[in-house]
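Subject: Structure handover

Hello,

Here is the structure for you to take over. My notes on it follow below.

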Amino acid sequence: MDNTSGLRENKKLRTRRQLAATALELFLERGFDDVSVADVAAAAEVSKPTLFRYYPSKEDLVLDRFADHQDELARIVRERPAGQGPVGAVHAHFIEALDRRDPITGLCDDPDVVAFQRLLYSTASLQTRLAHYGAREVELLAAVLEGEAVPPLTARLAALHLVHVRHELGRENWRRIASGSSAGEAHPAAVTDADHAFGMLAGGLDQALPIRTA
């Protein structure tokens, strides 16, 4: 990539981040449904067509950060160590993420994260759009499993279970934080829930999915 192309890409990235940050500030201040795309464009000093070149929908202004995580489960399963099944790999990674208070687990009491998640979980259209990102997670994970000679239907069923268990654990952890618990206070219960949920999956899925041997 030459310098001109690199500068152009950096400018696009800055613009993209500015649009998302401006939108989130407005949504948190006034509510998602009370802010229009035109409001965001005006606040960011760009035209609506320019905004839509970066974000195809109003919801994506909030949820674009989830795009960075769409291939996470696929990567975790693909790169798991020898002797470990897909369920065990995702389980172990989730436990580590809880320990880090990773926002993706719902177990994070940073005020900015709490405000973002309150917006996310209280807005129906964001929940609907989030399902689109979840479907992509399933596709990517199923493709990895099929690459290990898992039959397509089995791969998709397994991917659906793993993706949705992780999402539901995140929701449950958010409920704890929203009810007033600190991340530290909620951590033991979050670990117990994760062990239980993935244990339920391991009892069935790991009988149908391969253990990595090398």
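How many cavities of 30 Å³ or more does the structure hold? The answer is 1. Please keep in mind throughout that this is a predicted model. I start with the overall layout, then go through the helix packing, and come back to the cavity and the pockets at the end.

Overall layout

The chain has 10 helices and 0 strands. Read from the N terminus, the order of elements is α-α-α-α-α-α-α-α-α-α. The C-alpha trace spans about 55 × 50 × 30 Å along its principal axes.

Helix packing

Two packed helices are described by the angle between their axes and by the distance between those axes. Three pairs are covered here, drawn from α7, α8 and α9.

α8 and α9. Helix α8 covers residues 124–146 and helix α9 covers residues 152–178. Their axes come within 8 Å and cross at roughly 135°, so α8 and α9 are oblique to each other. The crossing in which α8 passes α9 is right-handed. On the α8 side the contact is made by Q127, G134, E137, V138, E139, L141, A142, L145 and E146. On the α9 side it is made by P152, A155, R156, A158, A159, L160, L162, V163, R166, H167 and R171. Sorted by class, this contact of α8 with α9 has 11 nonpolar, 3 polar and 6 charged residues.

α7 and α8. These two helices pack at an angle of about 90°, and their axes are 6 Å apart. The angle falls in the range of 65 to 115 degrees, which means that α7 is roughly perpendicular to α8. The residues that meet are L119, L120 and Y121 in α7 and L126, Q127 and L130 in α8. The contact of α7 with α8 has 5 nonpolar residues, 1 polar residue and no charged residues. Q127 of α8 takes part here and is also one of the residues in the contact of α8 with α9.

α7 and α9. The axes of this pair come within 11 Å and cross at roughly 120°. α7 and α9 are therefore oblique to each other. α7 passes α9 in a left-handed crossing. V114, Q117, R118 and Y121 of α7 meet G170, R171, W174 and I177 of α9. By class, the contact of α7 with α9 comes to 4 nonpolar, 2 polar and 2 charged residues. Two residues named here recur elsewhere: Y121 of α7 also meets α8, and R171 of α9 is also in the contact with α8.

The cavity

What volume does the largest cavity have? It is about 30 Å³. Its lining consists of E72, L73, I76, V90, H93, F94, A97, I104 and R166. α5 (72–78) and α6 (86–100) each supply at least two of these residues, and the largest share, 4 residues, comes from α6. The lining of the largest cavity divides into 6 nonpolar, 1 polar and 2 charged residues. R166 lines the largest cavity and also belongs to the α9 side of the contact with α8.

The pockets

The largest pocket holds about 480 Å³ of space. It is lined by 24 residues, and the closest to its centre are F66, P103, I104, F116 and Q117. α7 (111–121), α8 and α9 each give at least two residues to this lining. Which of the elements gives the most to it? That is α7, with 6 residues. The lining of the largest pocket has 10 nonpolar, 7 polar and 7 charged residues. I104 appears in this lining and in that of the largest cavity. Q117 lines the largest pocket and is among the α7 residues that meet α9.

The second largest pocket contains about 160 Å³ of space. L13, R16, R17, A20, Y55, L61, V62, D64, R65 and D68 line it. The elements that give two or more residues to its lining are α1 (3–30) and α4 (60–63). α1 provides the largest share, 4 residues. The lining of the second largest pocket divides into 5 nonpolar, no polar and 5 charged residues.

Regards

Terms used. Residues numbered from 1 in each chain as written. Predicted model: local features only at pLDDT ≥ 70, side-chain atom pairs only at ≥ 80, totals over all residues. Heavy atoms only, no water. Axes fitted to C-alpha atoms, helices over the stretch in contact; angles between N-to-C directions. Parallel < 35°, antiparallel > 145°, perpendicular 65-115°, else oblique. Left-handed = near helix turned anticlockwise from the far one by under 90°. Contact = heavy atoms within 4.5 Å. Nonpolar A, V, L, I, M, F, W, Y, C, P; charged D, E, K, R; others polar. 1 Å grid on protein atoms, 1.4 Å probe; cavity = no way out; pocket = protein on both sides within 12 Å on 5 of 7 lines; lining within 4 Å. Points joined across faces, edges and corners; volume = space filled by probe spheres on them.
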